[in-house]
Amino acid sequence: MSYNTFGHMFRVTTFGESHGAAIGCVVDGCPPRIPLTVADIQPYLDKRRPGQSRFTTQRREPDEVKILSGTFPDESGREVTTGTPIALVIENVDQRSKDYSEIKDTYRPGHADYTYDVKYGLRDYRGGGRQSARETAARVAAGAIARKIMPGLTVRGALIQIGPHKIDRARWDWHQVTGNPFFTPDAASVATFEAFLDGIRKSGSSVGAVIEVVAEGVPAGLGAPVYGKLDAELASALMGVNAVKGVEIGDGFATAAMTGEDNADEMRMGNDGKPRFLSNHAGGILGGISTGQPVVVRFAVKPTSSILSPRKTVDRYGAETEIVTKGRHDPCVGIRAVPIGEAMVACVIADHYLRHRGQVGEGPAWPFAKSGG
């Protein structure tokens, strides 16, 4: 199987299956002498870790990461990156493969069982194998490294919708995100989400969600105008996450209802001698290149396909049947997609930062510096 690597200068290769011995990744292209220990990575994995509330799968995985290579003590004794591949591994300790033995020959509707089987001629039915969202833990670990590459970068995500229920953006408070099981920035939405998702969970069904990721501290000039557009590669990275079915940058699909006057992000000169934007409908990217404003990305996650309601399907021998998916599953996989989305955005921005530095130097070009404004 190919296509297990993403990125150009900052390259991430993930490996492992849901019910295998371990999952992990190899990060290549990380510059040397960046401080890096397990303590820099583990908090992000803890954020994604399953079994932390009744609203996520009850699979009990500690998700403890180990650094196998790519670091060494510097003169002061700090562990720093060496510029060589960084290998990370996370052991699987709570597999229950027997939960899937009854459906090993039956295709689960909404899952990749059929497409995987028709492509490769076999599939790992134990929790979905390589196609499982378990693989995304390795991406979160890689994202922790990516955040350390570009100075001043902050990447934060929040859940803004579960099913039909949306947050009130007027009550957005980043401090609330880590204080509730939904990673929502609207404290008043927690009770609504709890009641709604409890009903979904008890019925054995599932529901989708929308996540917003905001990257701040992104300088103007990252990206390229044709085949290396920053927004295109952000969309590609997020669409590569399990269960993601839609991505938008800035106002996204809402721009279809706008006029040119409404949509244009007007500009004025700031006190620092640089242009400032009066709005950010473009989500911090114009022509595939960052503007220096916050990069804003949203993505939609479909309902978890593993549900207790009987569904019509077929098996790999062509017989029509029904299926009920047992086991431990997220009633809303979108909740744990928040740290995954953050990681993918961080990886793409780190990659573009290194690519930009390799092409034009340390910092983005600034036209007004030559003319004096």
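Arg-147 and Glu-342 meet through their side chains in a salt bridge, 3.0 Å from N to O. Arg-147 sits in the loop between α3 and β8 while Glu-342 belongs to helix α7, so the pair ties together parts that are 195 residues apart in sequence. Both ends are tucked away: Arg-147 is buried, and so is Glu-342. Keep in mind that this is a predicted model. Here's a quick tour of the charged pairs, the sheet, a couple of helices and the cysteines.

**Salt bridges**
- The count for the structure comes to 23 salt bridges.
- Arg-316 pairs with Asp-117, with 2.9 Å between the closest N and O atoms. Arg-316 is in the loop between β17 (311-314) and β18 (320-323) and Asp-117 is in helix α2 (residues 113-120), so this bridge links parts that are 199 residues apart in sequence.
- The two ends of that pair have their own burial classes: Arg-316 counts as partly exposed at 34% relative accessibility, and Asp-117 as buried at 6%.
- Arg-108 bridges to Asp-113, the closest N and O atoms being 2.7 Å apart, and both of these residues are buried.

**Around Arg-298**
- Arg-298 lies in strand β16 and counts as buried, at 12% relative accessibility.
- A network of salt bridges links Arg-298 with Arg-169, Glu-212 and Glu-248.
- The side chains of Arg-298 and Glu-212 also share a polar contact of 3.0 Å.
- Leaving aside residues up to four places away in sequence, Arg-298 touches a set of residues including Ile-160, Val-210, Val-247 and Asp-251.

**The five-stranded sheet**
- β16 is part of an open sheet with antiparallel pairing, in the order β9-β8-β10-β16-β11.
- β9 (165-166) and β11 (244-249) are the edge strands with a single partner each, so one side of each has no neighbour in the sheet.
- β8 (residues 154-162) and β9 pair over two bridges; one bridge partner to look for is His-165 in β9, matched with Ile-162.

**Helices and what they pack on**
- Helix α5 (residues 230-239) lies across β11 and β16 (295-301), running at about 160° to β11.
- Helix α1 (residues 38-48) has Ile-41, Gln-42, Leu-45, Lys-47 and Arg-48 as its buried residues.
- The cover over those α1 residues includes β4 (65-67), β7 (86-91), α3 (136-146) and α7 (337-360).

**Cysteines**
- Searching the whole structure turns up zero disulfides.
- For Cys-30, the closest cysteine sulfur is in Cys-347, 11 Å away, which is too far for a bond.
- Cys-30 is buried at 3% relative accessible area, and Cys-332 is buried at 0%.

Definitions and conventions
Residues are numbered from 1 along each chain as its sequence is written. This is a predicted model: local features need pLDDT of at least 70, side-chain atom pairs count only at pLDDT 80 or more; totals for chains, interfaces and linings use all residues. Side-chain values use heavy atoms; hydrogens and water are left out. Two strands pair if DSSP finds at least two bridges between them. Helices (H or I, at least four residues) and strands (E, at least two) are DSSP runs, numbered from the N terminus. Contact means heavy atoms within 4.5 Å. Axes are lines fitted to C-alpha atoms, for helices over the stretch in contact, and angles run from 0 to 180 degrees between N-to-C directions. Buried means under 20% relative accessible area, exposed over 50%, partly exposed in between (1.4 Å probe, protein chains only). A disulfide is a pair of cysteine sulfur atoms within 2.5 Å. A polar contact is a pair of N or O atoms within 3.5 Å; within protein, one must be able to donate a hydrogen and the other to accept it, and residues adjacent in sequence count only if both atoms are side-chain atoms. A salt bridge is a side-chain nitrogen of Lys or Arg within 4 Å of a carboxyl oxygen of Asp or Glu.
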